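I opened the notebook to work through this fold from its sheet to its helices, and to write down what I looked up at each step. I begin with one of the helices and what its covered side chains touch.

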Amino acid sequence: MKALGRHILLELRECETKILDDIEGIKEVLMEAARRSGATIVEACFHRFNPFGISGVVIIAESHLSIHTWPEYGYAACDIFTCGTQLKPEKAAEYLIERFQSKSPQIVEISRGILSVSISELPHKVEKSGESDGAKEYKMVF
């Protein structure tokens, strides 16, 4: 059976505290992780909490990357969800572990959208198809 997507859950423990509370740094790290996986970035949104902690998401045409940080504990939870077989979410995971300097990472991978139909491949690759009213439009190529 084939799955529509891969969902990687990262438990990043014993990270560098200052890195986990730098909103611009975190945004750039997640954007670069998306690029390294081969994803098509659509939009990003990040929020810094008071007194500390950041949540953010990078929406990709193939799904998303997200993060929630607890700098006071040196911990970050990250999700990398990609559709199709063209992307390499493991490259994004490796990059996040390295950049957040996690000394005790844990990776769990879940296959999502497992179908019982007979399909030889689910390649799903996204291409930009233009813009409409200032919004970027994407189409799936099979």
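Entry 1, helix α2. I started from the buried residues of α2, and I found that they pack against β1, α1, β4, β5 and β6. I listed these buried residues as Pro89, Ala92, Ala93, Tyr95, Leu96 and Ile97. I keep in mind throughout that the model is predicted. Turning to orientation, I noted that α2 lies across β1, β4, β5 and β6, and that α2 runs at about 5° to β1. Just beyond the helix I came to Gln101, which follows α2 and has a positive phi, near 55°.

Entry 2, the whole chain. I then stepped back to count the elements, and I recorded two helices and eight strands in the protein. Read from the N terminus, their order is β-α-β-β-β-β-α-β-β-β. Of the 142 residues in the protein, 37% are buried. I also looked up how far along the sequence the contacts reach: among those between residues at least 6 apart, 60% join residues at least 24 apart.

Entry 3, the sheet. In what order do the six strands of the open sheet lie? I wrote the order down as β2-β3-β4-β5-β1-β6, with antiparallel pairing. At the edges I found β2 (41-48) and β6 (104-115), each of which pairs on one side only. On average, and with direction ignored, neighbouring strands of this sheet are turned by 10° against each other. As a reminder to myself, strands of a sheet pair through backbone hydrogen bonds, in either a parallel or an antiparallel manner.

Entry 4, from β2 to β4. I followed the sheet inward from β2, which pairs with strand β3 (residues 54-60) in the antiparallel sense over seven bridges. Here I noted Phe46, which stands opposite Gly56 in β3. The next pair, β3 and β4, is also antiparallel and has six bridges, and in β4 the bridge partner of Val57 is Ser66. I traced the connection between β3 and β4 as a hairpin, which joins these strands through two residues.

Entry 5, strand β5. How many of the nine residues of β5 (residues 75-83) are buried? I found seven, and I therefore describe the strand as mostly covered, with the cut-off for buried set at under 20% relative accessible area. On one side, β5 pairs with strand β4 (residues 63-70) in the antiparallel sense over eight bridges; in this pairing Leu65 stands opposite Ile80, while Trp70 stands opposite Tyr75. The hairpin of β4 and β5 has four residues between the strands, and in this hairpin I noted that Gly74 takes a positive phi near 65°. Strand β1 (residues 2-13) also pairs with β5, again in the antiparallel sense and over eight bridges, and there I found Leu12 opposite Ala76.

Entry 6, the loop after β1. I next looked at Cys15, which is found in the loop between β1 and α1. Is Cys15 buried or exposed? Cys15 counts as buried because its relative accessibility is 7%. Leaving aside residues up to four places away in sequence, I listed its contacts as Leu20, Gly74, Phe100, Gln101 and Ser102. Two of these names had already come up in my entries: Gly74 from the hairpin of β4 and β5, and Gln101 from the end of α2. I also compared Cys15 with Tyr75, which is 60 residues apart from it in sequence and 6.0 Å apart in space, C-alpha to C-alpha.

Entry 7, the two helices together. I closed with α1, which lies across β2, β3 and β4 and runs at about 155° to β2. At what angle do the axes of α1 and α2 cross? The axes of helix α1 (residues 23-37) and helix α2 (residues 89-99) come within 7 Å and cross at roughly 150°, which means that α1 is roughly antiparallel to α2. I recorded this crossing as right-handed. At the contact, I found Val29, Leu30, Glu32, Ala33, Arg36 and Ser37 of α1 meeting Pro89, Lys91, Ala92, Tyr95, Leu96 and Arg99 of α2. Sorted by class, this contact has seven nonpolar, one polar and four charged residues.

How values were computed
Residues numbered from 1 in each chain as written. Predicted model: local features only at pLDDT ≥ 70, side-chain atom pairs only at ≥ 80, totals over all residues. Heavy atoms only, no water. Axes fitted to C-alpha atoms, helices over the stretch in contact; angles between N-to-C directions. Parallel < 35°, antiparallel > 145°, perpendicular 65-115°, else oblique. Left-handed = near helix turned anticlockwise from the far one by under 90°. Contact = heavy atoms within 4.5 Å. Nonpolar A, V, L, I, M, F, W, Y, C, P; charged D, E, K, R; others polar. Buried < 20%, exposed > 50% of the residue type's maximum accessible area, 1.4 Å probe, protein only. Pairing = 2+ DSSP bridges.
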